[in-house]
Amino acid sequence: MSDNIPYEIQAEIIKRLPVKSLVQFRSVSKQWKSLIDCREFLAAYNIYHNQPQRLIVWYEYPADTEEKYVSFVDDETFTKQGFAVTLPVLAKVLNDSRVVGSSQGLLCLHGYYRVPRHSRHNSVREMAVLWNPSIRKSVGVAVPGVLRWGLETILGFGVCPIRSDPMIVKITQVNVNWEMRSRVSVPWVVEIFSLSKGSWRILSCNLPNKSIKLTWSQVVIDRFIFWFAVDKLVAADGGFSTKNMIMLFDMTTEEFRVVDLPENLANQSYLNLSISKVCESLAVLEYATNMMNQVCNVWVKDHGFQNLFKKLFTISAPYASIRALGFTKSGEPMMEVKDYYKEAAALVVYEPSLGYINNIGISGNYGSFFVGSYMETLLLLDQADCSVYSNVDN
């Protein structure tokens, strides 16, 4: 770019370039690299650019249980444009891995890995991996361990849209299934990791009631992380009942709040429910059995101040088991389905108005599928690839 063009004009031109071009242009000059790598430019770029939405699919291949990732552009032709995505090195060392969620172009993975201490014993550590598939960068975050029997870790992940700062929220609680069979209740321990600070800190104010237990079912909408949750209510006679709800965490104020559900969803078995989002609206997925097949009612939260949910549609498909994984930007469910006499599950797209099912040709182990939406972003560009934030006590 000509030296006759003022630097401010150059910066405005660079801001309009796609992600792949920006990554290449960092090697043109030190001045451009310094501009592109600065946190202010990264934040402004994410706000300025309206990148096309993509869908990423994670699943285990039935033949060898190898983890595979496929990316699609989320438009009317996305089933014809899939391409394989290479898993980052940090994620390959994880055992019992899961996808926590996706936000602002980043995915968060979670799992366990072994650190050799000496020849006889290994130490098992917990780690989260933040991954940007667009620029092929990832960083690891060592997660403080849980040492007591009956306790579990639930993570939440999101990128604060105001600060463009990736955040991991860690909740230590009594295992929800274990507590339902006991009378023990332990207060929450909440820890927060923000990439800008590179360390964990304890959140000690305004924590939810210790009787509320979160599940791994979660979704991010704007500045809020939502979890599906269960409250254990103890009666005067010593018995107890449960109430389903949704817990949200505001990434800007770092406060928890409860989203109440209507009675028909609040008072049934929590095993029948999960949460998702449809066109950036919070949704509850309610599963039931209709004759020999499973159905899924999709309830969407009305916008406004009242916690009202309306039924959007019912997914009814001729399969023994269905699981809604997410929704395209046009509101079509992407589902994991399984026939009675087949071991492998298939990934399909359901057209709710016509009841049409489009099998997109991906098979995997049942229960292994994950679908998340993301967009191209420069987040993690200023990070060293495969670096690990490990300042925790284990």
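**Exercise 1. Find which residues make up the aromatic cluster linked by ring pairs, then take one of its pairs apart.**

Solution. Start with the members: Trp 188, Trp 227, Phe 249 and Phe 256 are joined into a cluster by ring pairs. Keep in mind that we're working with a predicted model here.

Next, put the cluster in context: the structure has 9 aromatic pairs. For Phe 249 and Phe 256, the ring centres sit 4.9 Å apart and the planes meet at 55°, so this pair is tilted. The cut-offs behind that call are under 30 degrees for stacked and over 60 for edge-to-face, with the rest counted as tilted.

Last step, check the surroundings. Phe 249 is buried, at 0% relative accessible area. Phe 256 is buried too, with 10%.

**Exercise 2. Work out the strand order of the open sheet of 4 strands, and say which strands stand at its edges.**

Solution. Reading across the sheet, the order is β8-β9-β10-β11, and the pairing is antiparallel. Now look at the ends: β8 (151-160) and β11 (199-203) each have a single partner strand, so one side of each has no neighbour in the sheet. From one strand to the next, the twist averages 25°.

Then zoom in on one edge. Strand β10 (residues 189-194) is joined to β11 by 5 bridges, and the two run antiparallel. For a concrete example, go to Glu 191: its bridge partner in β11 is Ile 202.

There's an aromatic pair to check as well, Phe 193 with Trp 200. Their ring centres are 5.6 Å apart and their planes are at 50°, so call this pair tilted. Both Phe 193 and Trp 200 are buried.

**Exercise 3. Follow Arg 201 out of strand β11: which residue does its side chain meet in a salt bridge, and what does the pair tie together?**

Solution. The partner is Glu 254, with an N to O distance of 2.3 Å. Arg 201 sits in β11, while Glu 254 belongs to the loop between β14 (240-250) and β15 (255-260), so the salt bridge ties together parts 53 residues apart in sequence.

How covered is each end? Arg 201 is partly exposed at 31% relative accessibility, whereas Glu 254, at 17%, counts as buried. The line for buried is drawn at under 20%.

**Exercise 4. Take two more of the 7 salt bridges, Glu 376 with Arg 54 and Asp 339 with Lys 342, and decide for each residue whether it is buried, partly exposed or exposed.**

Solution. Begin with Glu 376 and Arg 54, whose closest N and O atoms are 3.8 Å apart. This pair links distant parts of the chain, 322 residues apart: Glu 376 is in the loop between β24 (370-374) and β25 (387-389), and Arg 54 is in strand β1 (residues 54-60). Glu 376 is buried, with 16% relative accessible area, and Arg 54 counts as buried at 15%.

Now for Asp 339 and Lys 342, which meet at 3.8 Å, N to O. Asp 339 comes out partly exposed at 25%, and Lys 342 is exposed at 52%.

**Exercise 5. Find the residues that form a nonpolar patch on the surface with Met 292, and place Met 292 in the chain.**

Solution. The other members are Tyr 340 and Tyr 341, and together the three have about 460 Å² of accessible area. Met 292 lies in the loop between β17 (281-290) and β18 (293-301). Its relative accessibility is 62%, so Met 292 counts as exposed, since the cut-off for that is over 50%.

Technical notes
Residues are numbered from 1 along each chain as its sequence is written. This is a predicted model: local features need pLDDT of at least 70, side-chain atom pairs count only at pLDDT 80 or more; totals for chains, interfaces and linings use all residues. Side-chain values use heavy atoms; hydrogens and water are left out. Two strands pair if DSSP finds at least two bridges between them. Axes are lines fitted to C-alpha atoms, for helices over the stretch in contact, and angles run from 0 to 180 degrees between N-to-C directions. Patches are made of residues with over 30% relative accessible area and no salt bridge: like charges are joined within 9 Å, nonpolar side chains (Val, Leu, Ile, Met, Phe, Trp, Tyr) within 5 Å. Accessible areas come from the Shrake-Rupley method with a 1.4 Å probe; for residues, only the protein chains shown count as cover. A salt bridge is a side-chain nitrogen of Lys or Arg within 4 Å of a carboxyl oxygen of Asp or Glu. Buried means under 20% relative accessible area, exposed over 50%, partly exposed in between (1.4 Å probe, protein chains only). Rings of Phe, Tyr and Trp (its six-membered ring) pair if their centres lie within 6.5 Å; planes under 30 degrees apart count as stacked, over 60 as edge-to-face and the rest as tilted.
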